[in-house]
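Biologist: I'm new to this one, so could we go through it together? I'd like to hear the reasoning behind each label.

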Amino acid sequence: MTTILQEHLSDAEPLLAVRDLDVQYRIAERDVDLVKGVSFDVGVGEIVCLVGESGSGKSLTANALLGLLRRNKRMTVRGRLEFEGSDLNTISNGSLRKVQGREIGMIFQNPASALDPVIPIGKQIAEAVARRRTERADIRRRVIELVDWVGISDPEQRVKQFPHEISGGMCQRAAIAIALAGDPKLLIADEPTTALDVTIQAQILALLKQIRDDRRMSVLLITHDMGVAAQTADRIIVMYAGSIVEAGPTKEFFAHAGHPYSIGLINAVPRVDGARARRFSAIPGSMPEARNRPEGCAFHPRCSIASDRCREETPELRQTGTQLTACHRADEMLSGLVKPWSTQAVVPLPGGVT
Amino acid sequence: MTAGAVSGASEVGPESASPLLEVRHLVKHYRLRRGRLPAKGHPATVIRAVDDVTFSIDRGKTLGLVGESGCGKSTLGRVLLRLEKPNSGEVAFDGDEWLKKRGNELRHSRRNLQAIYQDPLASLDPRNRVAGTISEALEAHGLLAGRKERRERSVEVLESVGLTAEIGDRYPHELSGGQRQRVTIARAISVGPKCLVCDEAVSALDVSVQAQVLNLLRQLQETLGISYLFISHGLAAVRHLADEIAVMYLGRIVESAPAEQLFSQPAHPYTKALLASVPVPDPTVEQVQGSLRGEVPSATELPSGCRYRLRCPRAESICAEVEPDLVSSGIQHAVACHFPDLGHRTSVDLLRSRSGESSAARNGIEERP
Amino acid sequence: MDRVPPSLRPSAWSRWINRPGLRKRRFRANKVMLTIAILFLLLMLAWALAPSLFTAGNPSATNPLASLAGLSARFPLGADQYGRSVYTELVYGAKVALEIGFFCTILGGGVGGAIGIFSGYLGGKVDMMVMRGIDMLMALPPLFLALIFIAALAPTTTNEIIAVSVATVPAFARVMRGRALEVRSRLFIDALTVVGVRRRRILWRHVVPNCAPPALVLASINVGTAIVTAASLNFLGLGPSVVTSWGTQISSGQGYINKEWWISVFPGILITLLVISVNIVGDWVRDALEPSSQ
């Protein structure tokens with residue numbers, strides 16, 4: 001399944017092209033599909049958001065990109081990860097190391113634990129810079145440049161401090177500085193603001209947008225927060241139970257999402273704006289574990305418009321309007337014949353249904 | 001002006017006339033020993049986690065307590081649950097002096113004040129099955145003498161939170177996040193509490209599950225009449241569940257108001273900044289980040305005067321000298337600020353120092369051309 | 001199950017050992033080793049209880065004519081310098097070995113663990129004082145500690161057990177105190193307090209059971225350590241002289257290790273096998289008791 005929405009991208013080559021990514025995990029002598037058939041592109045200078053709840057496979061996808069799953073003997077990663085002419089999935093460990101930190105940088109959810117606790121942050125940034133430059137003065141200059149760029153306040157003071165001495169927001173900025181030290185073309189950010197306060201989150205997201213604008217850097221942002229995706233992403237990819245269920249440009253996605261899960265997810269987010277609701281629109285049930293995925297469409301047990309076909313046949317990602325949607329009834333929804341969640345007055349199903 | 005206590009409108013009959021929970025001037029400090037003996041010029045480092053907090057909750061109502069990390073809301077919750085000892089202050093729960101209770105009297109009174117937490121897996125004993133956990137709660141308060149009765153009641157309670165009876169036979173690690181949180185809710189309500197402290201109870205749940213649990217909490221409040229103290233950093237969830245909201249910053253309440261008013265007419269600059277920072281799942285709404293600078297200062301070195309002044313775009317010299325009191329600024333609306341944004345009732349000072357700013361108080365999300 | 005013919009139904013043993021709640025994955029991998037370990041321990045137990053069933057020889061009968069005899073039909077594991085069959089000595093020594101290994105661990109571990117858990121659970125000044133006391137004990141090497149005790153008491157087996165138990169106490173106290181502190185700080189303990197559960201019940205029904213896993217690990221290692229410590233005491237001549245033990249066998253064979261290696265090596269192998277078996281079974285017990293991967 002490789003039909004990818006191309007028209008909103010320029011005819012330029014995508015920076016990263018993921019094709020048919022599969023991640024399997026061996027447990028009790030069985031191979032379980034954690035991620036299946038994931039294909040998407042990341043263009044130059046755009047922010048792509050991979051959105052999903054826990055268990056959707058979004059973090060695994062991000063980790064697979066940089067070869068972080070290679071060490072795990074139980075995991076098998078299949079598919080093509082085309083980046084700058086090479087396939088990240090098949091290149092040697094040595095070549096991969098050259099890519100990590102130089103062409104592709106990564107930041108993680110918990111900034112304090114992603115940094116070495118016994119080394120001052122200035123030194124850690126310098127270490128990252130030193131991978132590419134050797135002149136001391138040059139390194140120093142670059143460190144100051146980076147520190148200034150990511151907005152670390154009081155730089156002379158801060159660079160001497162240890163991760164536990166500074167706030168979470170500062171740690172994340174330091175981590176971003178380290179990730180950017182090699183001047184990468186792509187930054188992968190795995191839930192970078194989930195552990196941070198909302199005011200700091202806003203600052204970090206603004207920083208990511210600034211990086212995109214100043215350096216034409218691409219960002220693959222993984223998040224579960226629809227608000228973050230709406231405010232930051234150029235394009236959104238929604239994952240559910242290990243596969244992509246919808247992909248498309250941000251504005252169009254929120255204006256008329258094509259997949260019932262996406263619609264349900266958008267509705268379920270409590271809002272600070274708009275009218276105050278008496279009830280939250282909840283999606284009944286919960287996401288199945290990798291081992292217990294149902295036949296056909298993984299979402300059908302929770303879907304209000306599931307048909308017999310949904311129960312038997314796994315839908316493919318197809319173009320529907322401006323979005324790519326993996327839903328058998330996407331066309332019907334687009335033409336208004338069918339509306340999911342229209343009877344939301346119902347009480348959600350017991351959480352016992354998994 | 002006296003510091004205003006936040007109390008909800010008591011609309012219903014006589015039994016809701018007095019608030020269920022009244023907190024007065026609660027203080028909790030932590031002393032940090034950093035190897036330096038207290039001496040002249042080096043006072044012992046003190047973290048003022050909760051610094052003179054006053055509020056009340058009416059029966060059957062929800063008070064949302066919001067703030068970012070380090071604001072003291074979790075500490076406040078722990079002090080209320082008698083897991084920590086406050087330095088000073090009074091708490092009246094259902095008419096009794098809550099902080100003075102000890103021993104068995106305290107243990108029995110705990111029945112009325114229960115709690116659910118952010119990490120449901122961590123709040124359950126991993127070695128006990130669900131039914132056992134609930135039975136234990138029942139047995140601790142001498143409810144339902146027989147094991148069979150307790151078992152039956154456990155099943156009833158599980159069903160009332162939307163779980164099936166067979167969940168009772170499972171261990172916590174065998175359940176999903178949403179199911180686990182429902183189990184902790186079941187345990188809490190099984191003893192029939194009057195008030196439930198929800199300490200970031202939905203923050204760790206997936207969005208779709210969060211909505212389910214919030215609906216459940218609302219439903220339980222409607223049927224059982226429980227009051228909630230809903231502690232959260234998630235403003236949006238609080239908005240829809242709470243009747244009133246109090247915003248905390250560095251140990252103090254800086255603003256409190258009925259929920260809808262807080263969102264439509266936030267008066268304190270921090271509240272406005274907080275609202276502006278919450279990303280809205282609608283890309284057509286442009287959120288401009290600009291009014292909030294820097295980070296939360298270290299809790300051990302509070303700025304003089306108003307704690308918020310270092311990050312505040314409106315700070316004037318008086319803000320460094322005098323700490324503003326929590327002062328009533330409308331119907332049940334209280335703010336601790338020298339230059340609060342009071343909508344059409346903008347203060348003279350504000351008009352003098354800010355020319356050109358729109359006086360119509362809007363939602364924190366402003367659209368700049 | 002009723003309609004499945006009897007020959008195809010899993011046996012009672014199979015059903016029991018595969019009941020839900022066991023960590024089946026890990027278990028299956030070690031099933032063979034576990035069975036061997038259990039069989040070995042049962043054999044040792046049999047040796048201890050009925051040694052005469054396994055060997056015709058007399059452990060104390062010396063036979064100077066057969067001194068230092070090599071492996072043969074008559075002496076399957078060789079003979080020591082007194083002409084005694086190494087095999088016979090081993091069989092009769094099993095009783096002492098198991099006694100020391102298990103009793104010392106149970107006694108020392110029980111006392112040490114109790115001290116540790118109480119200290120950790122109560123915290124504060126009590127914890128501080130108790131730990132300083134344990135620190136003082138730990139300043140002395142375990143062997144030394146045991147030595148002091150047995151030198152003060154008469155050299156009987158019982159006293160030897162007491163002495164080695166004392167040496168076991170500090171390690172258990174330390175480990176269990178650390179674990180109790182960690183468990184006590186867990187959210188569910190606070191949650192139970194808020195629910196209104198009695199403090200005593202929290203301690204016995206929640207803290208103690210959650211402290212068990214590291215105790216089991218430490219205990220299974222300690223069985224071997226205790227035997228070796230007792231052997232060292234015997235080597236120094238401080239243990240009961242009449243009774244044969246694997247430890248004394250090792251020490252008495254030291255001088256002959258170059259040529260008549262069997263005198264020391266076989267007891268050594270047996271101690272090793274015992275420690276490994278206890279370890280395997282201990283791990284399995286620990287896994288079986290844990291409903292999750294804790």
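Modeller: Sure. A residue counts as buried if 20 or more other C-beta atoms lie within 10 Å of its own. Keep in mind that this is a predicted model.

Biologist: What makes helix α1 of chain B largely enclosed by the rest of the structure?

Modeller: Eight of the eight residues of α1(B), residues 73-80, meet that cut-off for buried, so the helix is largely enclosed by the rest of the structure. The buried residues are K73(B), S74(B), T75(B), L76(B), G77(B), R78(B), V79(B) and L80(B). Just after α1(B), R82(B) takes a positive phi of about 60°.

Biologist: Which residues touch the most other members of the largest nonpolar core?

Modeller: I125(A) and I237(A) do, in a core of 269 residues. Helix α8 of chain C, residues 199-235, gives the largest share of this core, with 13 residues. As a general point, nonpolar side chains tend to be buried together in soluble globular proteins.

Biologist: How do you know what I237(A) touches?

Modeller: Two residues are in contact if their C-beta atoms lie within 7 Å. Leaving out residues up to four places away in sequence, I237(A) touches F40(A), V48(A), C49(A), L50(A), V51(A), I244(A) and A247(A).

Biologist: Which domains does chain B have?

Modeller: The domain assignment gives domain 1 (4-8 + 17-31 + 45-263) and domain 2 (265-369). Their contact takes 23 residues from domain 1 of chain B and 24 residues from domain 2 of chain B. On the domain 1 side, β10(B) gives the most, with seven residues. That side divides into 14 nonpolar, five polar and four charged residues.

Biologist: How many residues of chain B are in contact with chain A?

Modeller: 45 residues of chain B are in contact with 45 residues of chain A. Elements of chain B that each supply at least two residues include α5 (177-190) and α9 (269-277). α6(B) gives the most to the side that touches chain A, with seven residues. By class, this side of chain B has 21 nonpolar, 17 polar and seven charged residues.

Biologist: Why would chain C be described with helices and zero strands?

Modeller: Helices and strands are DSSP runs, and chain C has 10 helices and zero strands, so its pattern along the sequence is α-α-α-α-α-α-α-α-α-α. Buried residues make up 38% of its 294 residues. Of the contacts in chain C with a separation of 6 or more, 70% are between residues 24 or more positions apart.

Conventions
Residues numbered from 1 in each chain as written. Chains lettered and ligands numbered in written order. Predicted model: local features only at pLDDT ≥ 70, side-chain atom pairs only at ≥ 80, totals over all residues. Core = buried A, V, L, I, M, F, W, Y, C linked by C-beta atoms within 7 Å. Buried ≥ 20, exposed ≤ 12 C-beta atoms within 10 Å, placed from the backbone. Helix = DSSP H or I, 4+ residues; strand = E, 2+ residues; numbered from the N terminus. Domains from an automatic or database assignment. Nonpolar A, V, L, I, M, F, W, Y, C, P; charged D, E, K, R; others polar.
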